[in-house]
Every structure is written in structure tokens, then in C-alpha cells.
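Q: I would like a close look at a single part of this structure, with its setting in the chain described as well. Please take me through that part step by step.
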Amino acid sequence: MSDLALSEKQSPMSVQVGDALPERELTPDNVQLFLYNAALWNAHRIHFDEPYTREVEGYPGLVIAGPMLGDWLNQCVEEWLGDHGRLVSIEYSNRAATYIGETLTSGGTVIEVDPASGSVRVEVFIKNADGEVVTPGVATAVLGAA
């Protein structure tokens with residue numbers, strides 16, 4: 001198993017089941033969370049008003065937006081592919097809330113390779129600091145189709 005970007009492998013077609021995508025640590029701050037939600041026109045107060053989040057909603061801190069986690073999964077696959085492929089689809093599910101101040105990790109593992117079509121399926125994840133997968137997903141990419 002390797003955890004190399006495709007640009008570091010001998011050939012994109014040398015991708016194998018079990019190959020790991022390079023992991024990224026993610027530690028968003030209040031400003032990043034605010035700007036992300038502003039761009040989406042998401043005005044839910046759990047993403048920017050900490051007293052409201054704690055006192056009314058009962059969360060321990062500002063909640064990281066679910067779509068932000070999905071975008072990090074996209075970035076993980078896109079960075080791995082580089083110019084050697086194209087992300088075709090991605091599906092994910094947010095299973096647990098995550099909060100500002102946490103360090104999260106994105107990554108994935110190749111679970112299927114179809115050499116005839118160049119199609120690759122990757123099991124992707126966002127894990128919290130305890131190693132629990134909070135956002136699992138599956139991405140499909142086509143190699144050599146930049």
C-alpha cells in the first residue's frame with residue numbers, strides 16, 4: 001500500500017486496491033467557518049454564534065458545517081488525482097457533529113480499480129482526533145481523464 005499522490009507514482013494506471021490517499025489535517029477556525037457559511041448563505045447560528053450554540057442548541061462549541069466536510073473529501077481526492085484524473089462522483093454522510101478547535105483528518109483508500117475503463121472507487125473519510133470516522137463516503141474517479 002502506498003500513500004502517494006498520483007503524480008508521485010510511476011503511472012496513474014499503477015493504482016492498486018489498498019493504496020492510501022495522502023491524509024490532510026484540518027483545523028478550521030471561526031473565520032474560515034463564518035466565511036464558508038456566508039458563501040453558502042447558511043445563516044444557522046450554530047456556525048457563528050457560540051453563546052446561542054451552547055445555551056440554546058446544547059452543543060459544546062461552534063458546529064462545523066456538514067457541506068464543509070464534504071468539500072474537504074472532494075479536495076482530498078482532487079489533490080490525490082492532480083492532473084492524472086477526474087473526480088466523477090462522491091457520496092458522503094455526516095454521522096457526528098464536529099466543532100471548531102478540533103483537528104480533523106481527511107483521507108481514503110482505493111477499494112476498486114477497473115483497468116479497462118480507468119475507473120477507480122475510493123473509500124474516503126473525515127476522522128476526529130479520537131480516530132472515529134465522522135464523515136464516511138465513496139468517491140469515483142476516472143484516471144487519465146484530466
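A: The account below begins with the chain as a whole, turns to strand 5 and the loop before it, and ends with the helical region for context.

The model is a predicted one, and what is said here about individual residues should be read in that light. The chain contains three helices and five strands, and from the N terminus on these elements follow the order β-α-α-α-β-β-β-β. Along its principal axes the C-alpha trace extends over about 55 × 30 × 20 Å. Of the 146 residues, 41% count as buried, while the accessible surface comes to about 7,800 Å², with 49% of that area belonging to carbon and sulfur atoms. Among the contacts with a separation of 6 or more, 62% are made by residues 24 or more positions apart.

Strand 5, the part chosen for the close look, has eleven residues, and because eight of them are buried, the strand is largely enclosed by the rest of the structure. Two pairings of this strand can be described. With strand 2 (residues 85-92), strand 5 runs antiparallel and is joined by seven bridges; within this pairing, Gly 85 stands opposite Leu 143 of strand 5. With strand 4, strand 5 again runs antiparallel, here joined by nine bridges, and Ile 126 stands opposite Thr 135 of strand 5.

The pairing can be followed further from strand 4. Strand 3 and strand 4 are antiparallel and pair over nine bridges, and they form a hairpin with four residues between them, in whose turn Gly 118 has a positive phi of about 80°. Strand 3 (residues 104-114) also pairs with strand 1 (residues 20-26), in the antiparallel sense and over five bridges. Gly 108 of strand 3 takes part in both of these pairings, since it stands opposite Leu 21 and has Val 124 as its bridge partner in strand 4.

Returning to strand 5, the segment leading into it deserves attention. Strand 4 and strand 5 form a hairpin with five residues between the strands, and Gly 131 there takes a positive phi near 85°. Asn 128 lies in this loop, between strand 4 (119-127) and strand 5 (133-143). Although placed in a loop, Asn 128 counts as buried, because its relative accessibility is 11% and the cut-off for a buried residue is under 20%. The side chain of Asn 128 reaches the backbone nitrogen of Asp 130 at 3.0 Å, and a polar contact of 2.7 Å joins the side chains of Asn 128 and Glu 132. Beyond its neighbours within four places in sequence, Asn 128 is in contact with Glu 102, Thr 103, Leu 104 and Val 134. Glu 91, by contrast, lies 37 residues away from Asn 128 along the chain, and their C-alpha atoms are separated by 19 Å.

The helical region gives some context. Glu 50 is found in helix 2 (residues 50-55), and because its relative accessible area is 29%, Glu 50 is partly exposed. Its side chain makes a polar contact of 2.8 Å with the side chain of Arg 54. Leaving aside the neighbours within four places in sequence, Glu 50 is in contact with Gly 61 and Leu 62. Between Glu 50 and Thr 27 there are 17 Å in space, C-alpha to C-alpha, and 23 residues in sequence. Phe 48 lies in the loop between helix 1 (30-39) and helix 2, and with a relative accessible area of 41% Phe 48 is likewise partly exposed. Together with Val 31, Phe 34 and Leu 35, Phe 48 makes a nonpolar surface patch of about 400 Å².

In short, strand 5 is largely enclosed, is joined in the antiparallel sense to strand 2 and to strand 4, and is preceded by a loop that holds the buried Asn 128.

Conventions. Residues numbered from 1 in each chain as written. Predicted model: local features only at pLDDT ≥ 70, side-chain atom pairs only at ≥ 80, totals over all residues. Heavy atoms only, no water. Buried < 20%, exposed > 50% of the residue type's maximum accessible area, 1.4 Å probe, protein only. Contact = heavy atoms within 4.5 Å. Polar contact = N/O pair within 3.5 Å; in protein donor to acceptor, adjacent residues only side chain to side chain. Patch = residues over 30% accessible without salt bridge, like charges linked within 9 Å, V, L, I, M, F, W, Y side chains within 5 Å. Areas by Shrake-Rupley, 256 points an atom, 1.4 Å probe, with all protein chains shown as cover. Salt bridge = Lys/Arg side-chain N within 4 Å of Asp/Glu carboxyl O. Pairing = 2+ DSSP bridges.
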